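Reader: Could you take me through this structure, please? I would like to start with the overall make-up and then ask about details.

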Amino acid sequence: MKMHNVKHHLTDQLLMAYSAGSLPEAFNLIVAAHVSMCDECRAQLASFDSVGGALLDGTDSEPVSQDCFAETMRLISSGALRPEKRSPARGDAASILPAPVREYVGGDVDKVKWKPIGMGVKQAILPTSKDATARLLYIPAGAAVPDHGHRGMELTLVLQGAFVDETDRFARGDIEIADEDLTHTPVADIGEDCICLAATDAPLRFNKLIPRIAQPFFRI
Amino acid sequence: MKTKYDPTDWITHITRIREDKDQAAFAELFQYFAPRVKAFLMRSGADATLAEECTQEVMATLWQKAHLFDASRASVATWVFTIARNRKIDALRKQRRPEPEDLDWGPEDEPDQEDILSLQQESEQLGRAIAALPEKQRELIEKAYFGDLSHSEIAEQTGLPLGTIKSRIRLALDRLRHAMK
């Protein structure tokens with residue numbers, strides 16, 4: 001996948017929560033997708049992982065049972081260990097969806113099962129855990145996104161084309177972080193149909209998730 | 001009980017595991033990291049039995065994936081942390097964790113020694129910076145990473161107003177950033 005000149009990045013708060021493993025799956029997906037396209041956020045993420053490593057190193061330890069080591073060796077020799085999956089391989093330069101998204105779709109854009117939601121706009125909900133929702137959006141060139149009522153937090157990552165709203169222009173690789181205070185009408189650029197990945201927190205997680213990710217509270 | 005050690009030494013341990021299937025090296029690595037991984041998992045909400053089971057899986061993964069460790073990209077502690085974190089999401093939260101695409105790291109097979117050294121030095125520096133944080137700030141960063149708590153939940157646990165927590169974490173990270181300069 002080609003690298004792009006990304007202007008709109010993830011917040012440190014989101015990167016830190018991704019590193020800590022405390023985000024819902026849909027948000028993990030959009031973070032992984034953006035990092036796949038943005039070397040700056042990839043580097044920043046590595047530094048948050050290092051904080052995790054340093055904390056683990058300095059943490060108080062919890063004694064393990066006497067046969068814990070022997071059990072581990074048995075586990076190794078039994079070959080029963082679930083293989084931990086490797087990072088997905090980079091697609092060829094022509095692929096539109098970053099690898100983590102392709103894993104959910106089962107292929108690139110041609111494999112997406114779109115459903116029309118009006119005004120020519122189509123969406124496909126990706127199978128993630130229920131605490132938040134991830135969807136692909138297809139917005140015809142020049143069309144506006146119908147009001148999709150985001151309460152809470154919404155992240156939108158552009159995968160093809162670009163859109164413009166009251167705040168700025170967002171092109172491939174850019175991520176818009178919108179909270180409930182932002183009322184916006186994204187309009188796809190006239191040049192090309194726009195494909196985005198959007199993640200929203202489900203109503204059930206509304207109150208819990210907001211303080212964690214809606215309010216940017218630090219820049220390291 | 002914390003034991004002082006030389007982090008570059010863990011790299012040698014991983015090399016011995018990778019090249020010689022050296023059980024003695026693995027036992028030393030295990031002795032140091034397994035109790036820390038177990039503590040991390042218990043603080044994330046696992047009971048002792050589940051934490052112990054997951055710790056065994058994490059440590060077995062280290063053995064199996066020793067050939068994938070790249071000392072120019074992460075310290076051994078960071079690598080262990082990422083494996084333990086992934087296990088936590090899988091076993092405790094029952095979710096998939098999407099990973100970013102792998103980078104093309106170019107044609108060279110052996111990581112550059114200078115890169116390894118500077119990364120290990122930075123990791124040590126970071127460890128010292130975190131250890132030097134005021135107790136309360138360190139606790140909050142630990143909770144954000146280990147406790148699987150949102151900031152509002154931290155507020156409930158510590159009885160601190162949310163604004164205070166945010167500014168403390170910001171302060172802690174500012175201090176870390178300055179310490180790393």
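Author: What follows is a short exchange on chain B, its loops and one helix, and then on a sheet in chain A.

Author: This is a predicted model, in which local features need pLDDT of at least 70, side-chain atom pairs count only at pLDDT 80 or more, and totals for chains, interfaces and linings use all residues. Residues are numbered from 1 along each chain as its sequence is written, chains are lettered from A and ligands numbered from 1 in the order in which they are written, and side-chain values use heavy atoms, with hydrogens and water left out.

Reader: How many helices and strands are there in chain B?

Author: Chain B has eight helices and zero strands. Helices (H or I, at least four residues) and strands (E, at least two) are DSSP runs, numbered from the N terminus.

Reader: What share of chain B is buried?

Author: Of its 181 residues, 51% count as buried. Buried means under 20% relative accessible area, exposed over 50%, and partly exposed in between, with a 1.4 Å probe and protein chains only.

Reader: And what is the accessible surface of chain B?

Author: The figure is about 8700 Å², with 49% belonging to carbon and sulfur atoms. Such areas come from the Shrake-Rupley method with a 1.4 Å probe; for residues, only the protein chains shown count as cover.

Reader: Where does B:Lys21 lie?

Author: B:Lys21 is in the loop between helix H1 (7-20) and helix H2 (23-43) of chain B. Its phi is near 50°, a positive value in a residue other than glycine.

Reader: Is B:Lys94 buried or exposed?

Author: B:Lys94 is exposed, with a relative accessible area of 68%. This residue sits in the loop between helix H4 (76-91) and helix H5 (113-131) of chain B, and its phi is near 55°, again a positive value in a residue other than glycine.

Reader: Why is H4(B) described as largely enclosed?

Author: Because 15 of the 16 residues of H4(B) are buried, the helix is largely enclosed by the rest of the structure.

Reader: Turning to chain A, in what order do the strands of the open sheet run?

Author: The order of the three strands is S6-S5-S8 in chain A, and the pairing is antiparallel. The edge strands, each pairing on one side only, are S6 (169-171) and S8 (187-188) of chain A. Two strands pair if DSSP finds at least two bridges between them.

Reader: Which residue is the bridge partner of A:Phe163 in S8(A)?

Author: The partner is A:Ala188.
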